[in-house]
Amino acid sequence: MFSVRKPRGFHHNYMYYDPRKEKLKEIDERAKRDLGLLPPKEFTPEDLRGKFVQATKHVRQRKESGKKPVSYGVLLIIIVLLVLLMRWIVAG
């Protein structure tokens, strides 16, 4: 009915950042570590970020599609309408 408007989200594009170059650097570093040319990398919590979302297919697909799940308000209205419909059918 009445909704509070949310401000537009902030999105900053970096001028001097190349994600492709960064990805290639990570692949190269990982290959060198596998071959034994570099010492093993220390554990950092940053390495785990996003791994669980990537591992679950349904969460990854929902994030990529941009769909939002049905809100609780809509579900509540549907349930109330179904209960009223059932009462009307039984009483009728």
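These questions and answers go through a pocket, some salt bridges, a surface patch and two long separations in a predicted model.

Trainee: What is the volume of the largest pocket?
Mentor: The model is predicted, and the pocket is computed from it. The residues closest to the centre of this pocket include Glu26 and Arg30. Its volume is about 580 Å³.

Trainee: Which helix gives the most to the lining of the largest pocket?
Mentor: Two helices, α1 (19-35) and α2 (51-55), each supply at least two residues of the lining. The lining has 13 residues. The helix that gives the most, with 7 residues, is α1.

Trainee: By class, how many residues of that lining are charged?
Mentor: The residues closest to the pocket centre are Glu26, Arg30, Lys41, Asp47 and Lys51. Asp, Glu, Lys and Arg count as charged. Over the lining, no residue is nonpolar and 1 is polar, while the number of charged residues is 12.

Trainee: Which residue forms a salt bridge with Lys41?
Mentor: Lys41 is exposed, with a relative accessible area of 52%. Its partner counts as partly exposed, at 32% relative accessibility. The closest N and O atoms of the pair are 3.7 Å apart, and the partner is Asp47.

Trainee: How many salt bridges does the structure hold?
Mentor: Side chains of opposite charge can pair when their charged atoms come close. One of the salt bridges joins Asp47 and Lys41, and another joins Arg33 and Glu29. The number in the structure is 4.

Trainee: How far apart are the closest N and O atoms of Lys32 and Asp28?
Mentor: Lys32 and Asp28 are 4 residues apart in helix α1, so about one helical turn separates them. Lys32 is partly exposed at 34% relative accessible area, and Asp28 is partly exposed at 41%. The two form a salt bridge, with the closest N and O atoms at a distance of 3.8 Å.

Trainee: What is the N to O distance in the salt bridge of Arg33 and Glu29?
Mentor: This pair also lies in helix α1, with 4 residues, or about one helical turn, between Arg33 and Glu29. Arg33 is partly exposed at 26% relative accessibility, and Glu29 is partly exposed at 27%. Their side chains meet with an N to O distance of 2.9 Å.

Trainee: What is the area of the nonpolar surface patch that includes Leu82?
Mentor: Leu82 is in helix α4 (residues 72-91) and is partly exposed, with a relative accessible area of 47%. Val74 is found in helix α4 too and counts as partly exposed at 41%. Along with these two, the patch includes Tyr72, Trp88 and Ile89, and its area is about 990 Å².

Trainee: What separates the C-alpha atoms of Val74 and Gly36?
Mentor: Val74 is in helix α4 and is one of the residues of the nonpolar patch. Along the chain, Val74 and Gly36 are 38 residues apart. Their C-alpha atoms are separated by 56 Å.

Trainee: Which residue has its C-alpha atom 68 Å from that of Val90?
Mentor: The residue lies in helix α1. With a relative accessible area of 54%, it is exposed, because exposed means over 50%. Along the chain it is 65 residues from Val90, and its name is Lys25.

Definitions and conventions. Residues are numbered from 1 along each chain as its sequence is written. This is a predicted model: local features need pLDDT of at least 70, side-chain atom pairs count only at pLDDT 80 or more; totals for chains, interfaces and linings use all residues. Side-chain values use heavy atoms; hydrogens and water are left out. On a 1 Å grid over the protein atoms alone, a cavity is a set of points where a 1.4 Å probe fits but cannot get out, and a pocket is an open set with protein on both sides within 12 Å along at least five of seven lines; lining residues have an atom within 4 Å of a point. Grid points are joined across faces, edges and corners, and a volume is the space filled by probe spheres set on the points. Buried means under 20% relative accessible area, exposed over 50%, partly exposed in between (1.4 Å probe, protein chains only). Patches are made of residues with over 30% relative accessible area and no salt bridge: like charges are joined within 9 Å, nonpolar side chains (Val, Leu, Ile, Met, Phe, Trp, Tyr) within 5 Å. Accessible areas come from the Shrake-Rupley method with a 1.4 Å probe; for residues, only the protein chains shown count as cover.
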